[in-house]
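Student: Hey, got a minute to go through a model with me? I'd like to talk it over piece by piece.

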Amino acid sequence: MNWYDDIACFFAGMFLANVVPHFVHGISGDRFPTPFARPRGKGLSSPTLNVVWALLNLVVGYVLFRVGRVLSGGDSALGLFFAGIAVISTMLSVRFAKKQDK
């Protein structure tokens, strides 16, 4: 594997994990933060925008998954893919926990 395959595997995990909260909130009809909210990172976006953002993340994640050859790249590719999932999941859980405390 090349270094850029490693990066693609990692970011595939990040993008695909980010699909879940936006898609779930969107199809549930709940408002949830997206990068397009006002104020950025603190405001809430519409359910429709969350679904669109989730679908965009899904497409980007899928492309990176294929480019990074996650399935055929061996254990290191899968490890990087799951590391991307772990990193974004942990970061977002901390960020949204702080948001709930305010």
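Tutor: Sure, let's go from the overall fold to the core, the pocket and a few single residues.

Tutor: One thing up front: this is a predicted model, so local features need pLDDT of at least 70 and side-chain atom pairs count only at pLDDT 80 or more, while totals for chains, interfaces and linings use all residues. Residues are numbered from 1 along each chain as its sequence is written, and side-chain values use heavy atoms, with hydrogens and water left out.

Student: Fine. How many helices and strands does the protein have?

Tutor: Three helices and zero strands, in the order α-α-α along the sequence. Helices (H or I, at least four residues) and strands (E, at least two) are DSSP runs, numbered from the N terminus.

Student: And what does the C-alpha trace span along its principal axes?

Tutor: About 40 × 25 × 20 Å. The accessible surface comes to about 6400 Å², and 68% of that belongs to carbon and sulfur atoms; such areas come from the Shrake-Rupley method with a 1.4 Å probe, and for residues only the protein chains shown count as cover.

Student: What percentage of the residues count as buried?

Tutor: 31% of the 102 residues. Buried means under 20% relative accessible area, exposed over 50%, and partly exposed in between (1.4 Å probe, protein chains only).

Student: How much of the contact total is long-range in sequence, say 24 or more positions apart?

Tutor: Those pairs make up 62% of the contacts with a separation of 6 or more, where contact means heavy atoms within 4.5 Å.

Student: On to the core. Which residues are in the largest nonpolar one?

Tutor: Eight of them: Ala-8, Cys-9, Ala-12, Leu-64, Phe-65, Val-70, Ala-77 and Phe-81. Helix H1 (3-27), helix H2 (47-67) and helix H3 (74-101) each give two or more residues to this core, and H1 gives the most, with three. By nonpolar core I mean a set of buried Ala, Val, Leu, Ile, Met, Phe, Trp, Tyr and Cys residues joined through side-chain atoms within 4.5 Å.

Student: Take Ala-12. What is in contact with Ala-12 from further along the chain?

Tutor: Leaving aside neighbours within four places in sequence, Ala-12 is in contact with Gly-61, Leu-64, Phe-65 and Phe-81.

Student: Is Met-14 buried or exposed?

Tutor: Met-14 lies in H1 and counts as buried, at 14% relative accessibility. Beyond four places in sequence, Met-14 is in contact with Gly-84, Ile-85, Val-87 and Ile-88.

Student: New topic: how much space lies in the largest pocket?

Tutor: About 300 Å³. A pocket here is an open set of points on a 1 Å grid over the protein atoms alone, where a 1.4 Å probe fits, with protein on both sides within 12 Å along at least five of seven lines; lining residues have an atom within 4 Å of a point. Grid points are joined across faces, edges and corners, and the volume is the space filled by probe spheres set on the points.

Student: Which lining residues are closest to its centre?

Tutor: Of the 14 that line the pocket, Asn-18, His-22, Pro-35, Trp-53 and Leu-92. H1, H2 and H3 each supply at least two residues of the lining.

Student: What's the split into nonpolar, polar and charged?

Tutor: Eight nonpolar, five polar and one charged. Ala, Val, Leu, Ile, Met, Phe, Trp, Tyr, Cys and Pro count as nonpolar, Asp, Glu, Lys and Arg as charged, and the others, Gly among them, as polar.

Student: Is His-22 buried or exposed?

Tutor: His-22 is buried, with a relative accessible area of 5%. The histidine lies in H1, and its contacts beyond four places in sequence include Phe-32, Asn-50 and Trp-53.

Student: And what does Asn-18 touch?

Tutor: Trp-53, Asn-57 and Leu-92, not counting residues up to four places away in sequence. Asn-18 is in H1 as well, and counts as buried at 12% relative accessibility.

Student: Any backbone oddities? Which residues does a cis peptide bond join?

Tutor: Arg-38 and Pro-39, with omega about -10°. Pro-39 lies in the loop between H1 and H2. There's also Arg-69, a non-glycine residue with a positive phi near 50°, in the loop between H2 and H3. Most residues other than glycine have a negative phi, and most peptide bonds are trans.
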